[in-house]
Amino acid sequence: MIGDSTVGKTSLINRIRTGTFKSDPFPTIGIDFQTVQVKVDNEFYDLQLWDTAGQERYHSITRNYYRRVDAICMVFDITKEQTFLNVRNWLTSIEDTVFEPIPLLLIGNKCDLRYINNKDDKLSFITRQSGIRLADEIGPNCIFIETSCKTGFDVDNTIIIATKMIIAKQNQKNNCKVNGGINVTPKSNYTKKCC
Ligand SMILES: Nc1nc2c(ncn2[C@@H]2O[C@H](COP(=O)(O)OP(=O)(O)OP(=O)(O)O)[C@@H](O)[C@H]2O)c(=O)[nH]1
Ligand SMILES: [Mg+2]
């Protein structure tokens with residue numbers, strides 16, 4: 001999970017793991033990971049979800065992990081345009097580090113806020129169309145999805161899509177063994193599991 005500070009990366013991981021929402025998680029320091037089990041097409045997969053700090057001072061640490069992961073979720077906050085514009089910077093730092101196409105999820109988080117009372121029109125939102133357009137521009141390896149950690153909207157779907165993208169990529173490579181980052185291991189193939 002990468003993206004600017006406060007876009008909701010930690011909240012996404014919490015929601016995926018526990019199905020709950022904390023209104024005030026601490027800002028992430030450096031990098032952390034959690035494991036989660038995902039069921040896709042009647043198979044169980046263990047994923048490592050790496051949570052990164054959005055704050056600038058941690059970016060060099062975060063970058064070290066790009067090459068070790070099997071997919072990257074680029075998260076922005078649909079209520080903060082700058083976080084959407086900064087997706088291009090995140091993408092550049094991925095492209096500077098990873099030299100082959102990697103499954104990418106572009107996640108527009110906090111979509112619950114689109115439906116709150118907005119009479120004073122102070123909030124402007126990144127539209128779904130803008131998200132879809134950016135994902136299309138990035139390429140066929142990128143899928144856009146909107147989520148809300150607060151309501152849980154499409155959060156489970158995010159992790160299922162990510163898992164399917166990783167499986168598809170790994171099938172392409174015809175290689176079951178993966179190293180680091182988000183590791184996907186079918187339960188039925190447990191003996192092949194590596195760190
Ligand atoms: N309304 C709403 N608030 C959210 C949502 N997701 C996260 N938040 C809130 O946004 C704030 C920041 O969330 P975090 O998950 O800490 O953000 P982060 O991207 O991990 O931030 P860093 O660790 O600093 O990089 C918190 O107050 C969350 O409760 C959401 O879907 N809807
Ligand atoms: Mg965080």
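Begin by selecting helix 1, residues 9-18: with three residues, this helix gives the most to the shell around ligand 1. The model in the viewer is a predicted one.

Next, display ligand 1 together with its surroundings. The shell comprises 22 residues, and the closest are G8, T10, S11, T28 and G54. Coloured by class, the shell shows 11 polar, six nonpolar and five charged residues.

Return to helix 1 and then select N157, which lies in helix 6, residues 155-173. The C-alpha atoms of N157 and I16 are 9.6 Å apart in space, although 141 residues separate the two in sequence. N157 counts as exposed because it has 12 C-beta neighbours inside 10 Å.

Now turn to the interior and select the largest nonpolar core. Of its 38 residues, those that touch the most other members are M1, I72, C73, M74, V75 and L106. Elements that give two or more residues to this core include helix 1, strand 2 (43-52), helix 4 (87-95), helix 5 (128-138) and helix 6. Strand 3 supplies the largest share of the core, five residues. In soluble globular proteins, nonpolar side chains tend to be buried together.

Centre the view on I72. Leaving aside residues up to four places away in sequence, I72 touches I2, Y66, I94, I102 and L104.

Finally, select strand 4, residues 104-109, and strand 5. The two strands pair in the parallel sense over five bridges, and G108 stands opposite E146 in strand 5. Strand 5, residues 142-146, is largely enclosed by the rest of the structure, because four of its five residues are buried.

Methods: Residues numbered from 1 in each chain as written. Chains lettered and ligands numbered in written order. Predicted model: local features only at pLDDT ≥ 70, side-chain atom pairs only at ≥ 80, totals over all residues. Buried ≥ 20, exposed ≤ 12 C-beta atoms within 10 Å, placed from the backbone. Pairing = 2+ DSSP bridges. Near = placed C-beta within 6 Å. Nonpolar A, V, L, I, M, F, W, Y, C, P; charged D, E, K, R; others polar. Core = buried A, V, L, I, M, F, W, Y, C linked by C-beta atoms within 7 Å. Contact = placed C-beta atoms within 7 Å.
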